[in-house]
Amino acid sequence: MSFLDRNLRITPIDVWIDPTGPRERAIITHGHGDHARRGHGAVLATPDTIAIMKARYGEDCAGSFQALDYGTPLMVGDVEVTLFPAGHILGSAQVRLRYNGETIVDTGDYKRLVDPTAQPFELVRCDILVTEATFGLPVFQHPKPQDEMARLLKSVADNPARTHVIGCYALGKAQRVMSLLRAAGYDRPIYLHGAMVELTELYEDRGITLGPLELVLDASKKDLEGQIVIAPPGALKDRWSRRLADPVLAMASGWMSVKQRARQSGVELPLVISDHADWNELRETIAETGAGQVWVTHGREDALVYWCRQQGLGSIPLNIVGYDENGEGGE
Amino acid sequence: MKRFAQLLELLALTPSRNRKLDALKTYFAETPDPDRGFALAILTGALTFKNVKPAVLRDVVTAEVDPHLFALSYDYVGDLGETIALIWPHHGQQEELPRLSDLIELLDTTAKGKLPALIASLLTRAAINERWALVKLATGALRIGLSARLAKTALADMSGKPVQEIEEIWHGLTIPYTELFAWLEDRGPRPDIAHEVRFHPMMLSNPIDETVDLQKLAPEDFAAEWKWDGIRVQLVLGQGPASLFSRTGDEIAAAFPDLVDNVFGEAVLDGELLVGHDFMPAPFNDLQQRLNRKIATAKHLADYPAFLRVYDMLFDGREDVRPLPWHERRQRLEAWFRRYPQTRLDLSEVLPFGDWPELAELRRRGAAEQGHEGVMLKLRTSPYVPGRPKGLWFKWKRDPNVVDAVLMYAQRGHGKRSSFYSDYTFGVWKGNELVPIGKAYFGFTDAELKQLDNWVRNHTIQSFGPVREVSKELVFEVAFDSAQVSGRHKSGVALRFPRINRIRWDKPASEAGTLEEMQVFLEAT
């Protein structure tokens, strides 16, 4: 069918994109655990992604690393490989492949909204587009993150005796939320759960400034009244949370648009902040790339495949096992 | 509308009852008439539209969104109203929606043919939260976990008036409740409503303390009755259709037409709603089939006919007999039954007994042989006093059954308990295997909860989401009211009202109860 197979293996050179098990040679789009796994032989990725992998898994998490800057074509055998920013998290990339006059782009996970913590998405034209579909249903129309921040800051102002704890994935979402808070003019210290520290320092080392940060561990209950804490999503259910002052559980995720879902998971303040394209962005991007074929990797692929076919595009779901099924991890 | 949308969202997402109450109080205090009255109607489920139905909204949306994509989305979201609010593809110049009362009037008065266009334009104009609230309001299915009782409690808290006084007149009031708010704010008299729709707050009993109370009380001062295993209701009979109120003043007549359409005379009666043929009460499980339903099906009416076992009288005809002593009310009640023969009402018998030990024996046998919940004691000279007055009515529940069961799984609780493993599933032995028989989340102190939480965390062998499976070592003495045959549990047994009586840190799991031992409880009920 093509030089890329449905498991995202580039057949002429036996290189895999984001393989879910250990492979000799892999291209990694970004550092989230369901895309970047340990144990590969040789890894090709952006410098930021390599730094993230090493920080999370250790220096020796792959046999060797090769850094490739955005927009720099690299010939691997007869296949030309170029990485372009995906806007998802720091270092996240789309992969463009050219071979025998055919161009394929794998978006990895992406978003098109401006985000100072990630290199901005670039649109890349192609014949075949391999796209994610984490929010591939028309109910997902993400609101402006600035509006969500305004709701958060209003709640903080209205509840001066309570700690707002924002459940965030430690890589990407946490730093995005801090950056949004700063952009909204919030200049007080932001308190971090210990699990947030390493990757946040990595972001700062790589030039993303996030303002004054403190550790929850160093603060008393009294100190935490009226403050904002960033923690992994599960932390509130941990004994750790007992040190917080009457916490308001906020969760920053694209899933939070569904109130019944927020309610069921006990989230008091759902913040719809997503690092993935929403339904409208997914469709716009597909149209703008000019692709005649769309392969859908993971997420709610049924609806997006159905929509593509309605537009007269060839479209198939790839059903790759191992990417985060409900996206909770990556979000 | 914006304020109402904010309120609705807060109510949907705040787990704390007190915060919900505060939000309601603030809203009612700060929102003018008639908007707050309409909000109250929506929150208590009293508002319905003639022409705006879920199907209309669905049609409006599927005219704009591919039906297959809509179906996939609905399947994912699981709530029709939310799906509609989230999927609406047009986003206009967000201008504020009309105020609540105008909006409701608009929806109510617009001709059927023009409704789709109106709804579409409102959806386009609304910001996301208002859209959500708008759809909830229009479909009438709030699903935000708010009881009508909580809304009434908020009104009571706000005004300093007892909640019983609000419940009493509730069913005679009309939307948008301007008279009610005027009275709550001391700007007007208490609304005067028709006798037939008036709910009279009930007289409730206190549990008896066997060691203290029985020493002090004289048996001859008290009448005893069985404590029936149904639900407490009030039946109001007058000129119009009968009203049937639950303990909290909810009107439930629509679900029990077999009862309310077949009662005669004029009175306000207090009794136990039961199901069964020929006045033979069926187990509570059967009654449950008919509760929480808006209407009854023909099959339910045939299989589980409802009747009322009457034990007190509040009004004899139009005469308020509540100030009379119990024994006089009882005479009135018996005379009333002679005047109006009934097919769906009967009298709760008064149990003759000489002294407390004799009644204790009666109570024990009633529980063992007929599954009665216990006995009620009523001071013969007591008037009918709403609320829970001390020293007049007592409930003397049967001794709980107990079984030693082994903790198998623990689940995190909610709200304040969300960092604690506080919901426990326990089981008994079936041969070499433990089978779950129930789940309990109270009966222990806060200190014990901390200990249990620690124990669970240190003895986890597997986790499934919020649930932990623990090593099978810890024994609970579980108390329960009764046991029923259940197809849902692997053990085939379900416990009614289980609670942790004691934590048996000392007892080895191998000495816990067995499924064979549980059979005894099944036979007894």
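Okay, one definition before I start: two residues are in contact if their C-beta atoms, placed from the backbone, lie within 7 Å. Keep that in mind, and keep in mind too that this is a predicted model.

So, chain B. Take contacts between residues at least 6 apart in sequence: 70% of them join residues at least 24 apart. The chain has 20 helices and 19 strands, and its C-alpha trace spans about 75 × 65 × 45 Å along the principal axes. How many of its 525 residues count as buried? That would be 37%.

The domain assignment cuts chain B into domain 1 at 2–139, domain 2 at 206–397 and domain 3 at 401–524. If you look at domains 2 and 3 of chain B, their C-alpha centres lie 34 Å apart.

Let me zoom in on one helix there, α7 of chain B, residues 100–109. Which residues of this helix are buried? B:Leu100, B:Leu103 and B:Ile104 are. They sit on the same side of α7(B), because the arc they cover around the axis is only 95°. The general background is that an α-helix has 3.6 residues a turn, so residues three or four places apart point the same way. And what covers the buried residues of α7(B)? The cover includes α1 (2–13) and α3 (35–43) of chain B.

Right, over to chain A. Here the assignment gives domain 1 as 9–139 + 275–317, and domain 2 as 145–271. Taken over C-alpha atoms, the centres of those two chain A domains are 29 Å apart. Where they touch, domain 1 of chain A puts in 15 residues and domain 2 of chain A puts in 14. The domain 1 side of that contact in chain A breaks down as eight nonpolar, four polar and three charged residues.

Last topic, the cores. In soluble globular proteins, nonpolar side chains tend to be buried together. The largest nonpolar core in this model has 204 residues. Which of them touch the most other members? Those are A:Ile27, A:Ile166, A:Val177, A:Val229, A:Ile230, A:Ala250 and A:Leu271. Pick A:Val177 and skip its neighbours within four places in sequence: you find A:Val177 in contact with A:Ile166, A:Cys168, A:Ile230, A:Ala252 and A:Ile273. There's also a second, separate core of 30 residues, and among its members are B:Leu452, B:Val470, B:Val478 and B:Val493.

That's my tour, thanks.

Methods
Residues numbered from 1 in each chain as written. Chains lettered and ligands numbered in written order. Predicted model: local features only at pLDDT ≥ 70, side-chain atom pairs only at ≥ 80, totals over all residues. Helix = DSSP H or I, 4+ residues; strand = E, 2+ residues; numbered from the N terminus. Buried ≥ 20, exposed ≤ 12 C-beta atoms within 10 Å, placed from the backbone. Arc of directions from axis to C-beta. Core = buried A, V, L, I, M, F, W, Y, C linked by C-beta atoms within 7 Å. Domains from an automatic or database assignment. Nonpolar A, V, L, I, M, F, W, Y, C, P; charged D, E, K, R; others polar.
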